[in-house]
Amino acid sequence: MEIHGWCDERFGALRECFERNFTDRSDVGASFAATLEGEYVVDLWGGHLDAARTSPWQEDTIVCAFSVTKTMTALAALVLVDRGELRLTDRVTRYWPEYGQHGKEATEVRQFLAHTAGVPAFAERLSHADLYDWDRIIGVLERQSPRWPPGERCVYHGLTYGFLVGEIVRRVAGMSLGAFFAEHVATPLRADYHIGLDAAHFDRTGDMVLVTPMPERLARELHRYHGAVPDMVPPTTNTSDFRRAELPAVNGHGNARSVVRVQTVVANGGTAFGVKLLAPATVEQIFSEEHVLEAMGARQGVGYALSGLFARQMPKGVRSSYWFGAGGSTVLLDHTNRACMSYVMNGMDLNMPRDRRASSLTRAFYEGLR
């Protein structure tokens, strides 16, 4: 297996671990990157773009990182908070009056970001075409009632999260979430990450490949919370309609290098690569409240998880935030050591509690820091 890229000499074992993900853990194509104190110390890639393994993963290959996208959406909202244009403790109706219907009138902006808004699923049955129609979905969310009073429970808002936060950003900034992210985050950072992918990038976009289906028990649990929604697995994820759509909870496209380039800003107190996006006090808003995310066993902050399955390889005492994507992609932020790392791949293992690809790389990273 040929691995491309480079890593600091401290992380030779990590490079070997990355290779074992292909030889021992069914990776198809993947990338891993890490920064420390705002400088890249690892940037690796390898494998293939397709299930047939005929097209090699290139340095500029991008793929769908699924719910890692939620950290990008959260950051977009935090940029508006930092500029004084949005307040987390305001009622949503200050910015989006039509949302205040059917028991949602008192919902606060922070509850969208903390998965406590009470709308983890759509109340109407939807098609893929519906999900790609922003105004249609916003109307659905405005009409429906919450499953429980906002703020009462913390339940993963898998798809609704992106539309809820995205509509707040659209109302405040006057542009879509994807456009705002591109102009105010990705462009100044020179980050190759896209929410709503232009067709010009399709030739270098890897296909998502399902290597392990979701266990029935986990599928039942997700259905209990989220109801019936259109599938978001291959081959749907490889269609042009899916790639073009703005689904700010699930379909951002990038690679580990670009994920790290963006989130290093947050891990480093709001500034990285010569770009200041947030004040340190705004980064602290992530930790301003804490909930237990039901069915997932994680502590949830504002826009980021604070502990749980995907952060257990971090040393004790490290202040961290993170998120993960269906099938295996992750981003972890170490606010103590000012480090950021990401694993992004196209071989989807939906038996997520069993998947050791990202966690083994995280462990190897910290072994290199000793």
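**Exercise 1. Strand β15 and its partners**

In this predicted model, β2 and β15 pair in the antiparallel sense over seven bridges. Work out which other strand is joined to β15, and whether the residues of β15 are buried or exposed.

*Solution.* Begin with the pairing to β2, where Ala-34 stands opposite Met-341 of β15. Next, turn to β14, which runs antiparallel to β15 and is joined to it by five bridges; here Asp-334 has Ala-339 of β15 as its bridge partner. β14 and β15 form a hairpin with four residues between them, and in the turn Arg-338 has a positive phi of about 55°.

For burial, take the two faces of the strand one after the other. In a regular strand the side chains alternate between the two faces of the sheet. On one side of β15 lie Ala-339, Met-341, Tyr-343 and Met-345, on the other lie Cys-340, Ser-342 and Val-344, and all of these are buried. Since seven of the seven residues of β15 are buried, the strand is largely enclosed by the rest of the structure.

**Exercise 2. Salt bridges across the chain**

Find which residue forms a salt bridge with Arg-338, and explain what parts of the chain this pair ties together.

*Solution.* The partner is Glu-37, and the closest N and O atoms of the two residues are 3.0 Å apart. Arg-338 lies in the loop between β14 and β15, while Glu-37 lies in the loop between β2 and β3, so the pair ties together parts that are 301 residues apart in sequence. With a relative accessible area of 30%, Arg-338 is partly exposed.

A second pair can be treated in the same manner: Glu-294 forms a salt bridge with Arg-153, with the closest N and O atoms 2.8 Å apart. This pair links distant parts of the chain, 141 residues apart, with Glu-294 in the loop between β10 and β11 and Arg-153 in the loop between α5 and α6. Glu-294 is partly exposed at 23% relative accessibility, and Arg-153 is partly exposed at 27%. The structure holds 22 salt bridges, and a network of them links Glu-98, Glu-142, Glu-167, Arg-170 and Arg-171.

**Exercise 3. Helix α2**

Determine how far helix α2 reaches from its first C-alpha to its last, and how many of its residues are buried.

*Solution.* The helix covers residues 69-82, which makes 14 residues, and its reach of 20 Å is close to the 20 Å expected at 1.5 Å a residue. Of the 14 residues, 13 are buried, so α2 is largely enclosed by the rest of the structure. The helix is followed by Gly-84, whose phi is positive, near 80°.

**Exercise 4. Two cavities and their linings**

For the two cavities of 30 Å³ or more that the structure holds, describe which elements and which classes of residue make up each lining.

*Solution.* Start with the largest cavity, which contains about 40 Å³ of space. Its lining includes Trp-45, Trp-57, Glu-59 and Arg-257, and the elements that give two or more residues to that lining are β2, β3 and α10. By class, the lining has six nonpolar, two polar and three charged residues.

Then consider the second largest cavity, with about 30 Å³ of space. Ala-77, Leu-86, Val-109, Phe-112, Leu-113, Val-165 and Ile-168 line this cavity. The elements giving two or more residues are α3 and α6, and α3 provides the largest share, three residues. By class, this lining divides into seven nonpolar, no polar and no charged residues.

Technical notes
Residues numbered from 1 in each chain as written. Predicted model: local features only at pLDDT ≥ 70, side-chain atom pairs only at ≥ 80, totals over all residues. Heavy atoms only, no water. Salt bridge = Lys/Arg side-chain N within 4 Å of Asp/Glu carboxyl O. Buried < 20%, exposed > 50% of the residue type's maximum accessible area, 1.4 Å probe, protein only. Pairing = 2+ DSSP bridges. Expected span 1.5 Å × (residues − 1). 1 Å grid on protein atoms, 1.4 Å probe; cavity = no way out; pocket = protein on both sides within 12 Å on 5 of 7 lines; lining within 4 Å. Points joined across faces, edges and corners; volume = space filled by probe spheres on them. Nonpolar A, V, L, I, M, F, W, Y, C, P; charged D, E, K, R; others polar.
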